[in-house]
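User: Could you walk me through reading the sheet and the pockets of a model like this one?

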Amino acid sequence: MEKYELKKDVNIITVTARSFPDGILDAFRKLEAVIPGVAQRVFYGISCPDEKGTIIYKAAVSEIADGEALIYGFEKFVITKGTYLVKTIQNWRKDIPAIGMAFEQLLKSPELDLTFPCVECYNNMDEVACMVRLDPRK
């Protein structure tokens, strides 16, 4: 694990998966079917538990122009600048459970910002950065 400083906010276009983890692939396919130039964008996953502890997952892609999320009928989310604790997983497709295990480790940090969801950043199709935001007050 390492600390990473996100220097500026990242605007993303999201769609909520119908279920976790089964609905994740369909949510990404929905974005791919509607958003133009999706292959040139960065893919993200946003997740957090609801009040009952059920994981809510949002598939996402980077926004190229302001307002794109609304134009295409999706939700906008902002990954806010700040310090994140990151664990990078190589060849994640061969070991998908490694993503969950990475977040289990990351979520043990006493510096964690409990108000911000977990973030997956798919730098390419072989590498995912699992990220949790650190509370600047801790």
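Analyst: We'll go through the sheet, the helices, two backbone details and the pockets. This is a predicted model, so local features need pLDDT of at least 70 and side-chain atom pairs count only at pLDDT 80 or more, while totals for chains, interfaces and linings use all residues. Residues are numbered from 1 along each chain as its sequence is written, and side-chain values use heavy atoms, with hydrogens and water left out.

User: Let's start with the sheet. In what order do the strands form the open sheet?

Analyst: Helices (H or I, at least four residues) and strands (E, at least two) are DSSP runs numbered from the N terminus, and two strands pair if DSSP finds at least two bridges between them. Here eight strands make an open sheet, ordered β1-β6-β8-β7-β3-β4-β2-β5, with antiparallel pairing. β1 and β5 each have a single partner strand, so one side of each edge strand lacks a neighbour in the sheet. On average, neighbouring strands are turned by 35 degrees against each other, direction ignored; axes are lines fitted to C-alpha atoms, for helices over the stretch in contact, and angles run from 0 to 180 degrees between N-to-C directions.

User: Which strands does β2 pair with, and over how many bridges?

Analyst: β2 (residues 10–16) pairs with β5 (residues 75–79) in the antiparallel sense over five bridges, with Ile-12 opposite Phe-77. β2 also pairs with β4 over five antiparallel bridges. On that side Ile-13 faces Val-61, and Thr-16 stands opposite Lys-58. Five of the seven residues of β2 are buried, meaning under 20% relative accessible area, where exposed is over 50% and partly exposed in between (1.4 Å probe, protein chains only).

User: And where do the helices pack?

Analyst: Look for contact, meaning heavy atoms within 4.5 Å. α1 packs on the sheet and touches β2, β3 and β4, its direction making about 30 degrees with that of β4. α3 lies across β6, β7 and β8 and runs at about 25 degrees to β8.

User: Which backbone details should I check in the loops?

Analyst: Try omega and phi. Phe-20 and Pro-21 are joined by a cis peptide bond, with omega about 5 degrees; Pro-21 sits in the loop between β2 and α1. Asn-91, in the loop between β6 and α3, has a positive phi of about 50 degrees although it is not a glycine. Asn-91 counts as partly exposed because its relative accessibility is 42%.

User: Now the pockets. How is empty space found?

Analyst: Rolling a probe the size of a water molecule over the atoms shows where space is left. On a 1 Å grid over the protein atoms alone, using a 1.4 Å probe, a pocket is an open set of points with protein on both sides within 12 Å along at least five of seven lines; lining residues have an atom within 4 Å of a point. Grid points are joined across faces, edges and corners, and a volume is the space filled by probe spheres set on the points. The largest pocket holds about 890 Å³. Its lining has 34 residues, with Phe-20, Ile-24, Tyr-57, Glu-120 and Tyr-122 nearest the centre. Elements supplying at least two lining residues each include α1 (24–34), β4 (55–62) and α3 (97–106).

User: What classes of residue line the largest pocket?

Analyst: Ala, Val, Leu, Ile, Met, Phe, Trp, Tyr, Cys and Pro count as nonpolar, Asp, Glu, Lys and Arg as charged, and the others, Gly among them, as polar. The lining of the largest pocket divides into 24 nonpolar, three polar and seven charged residues.
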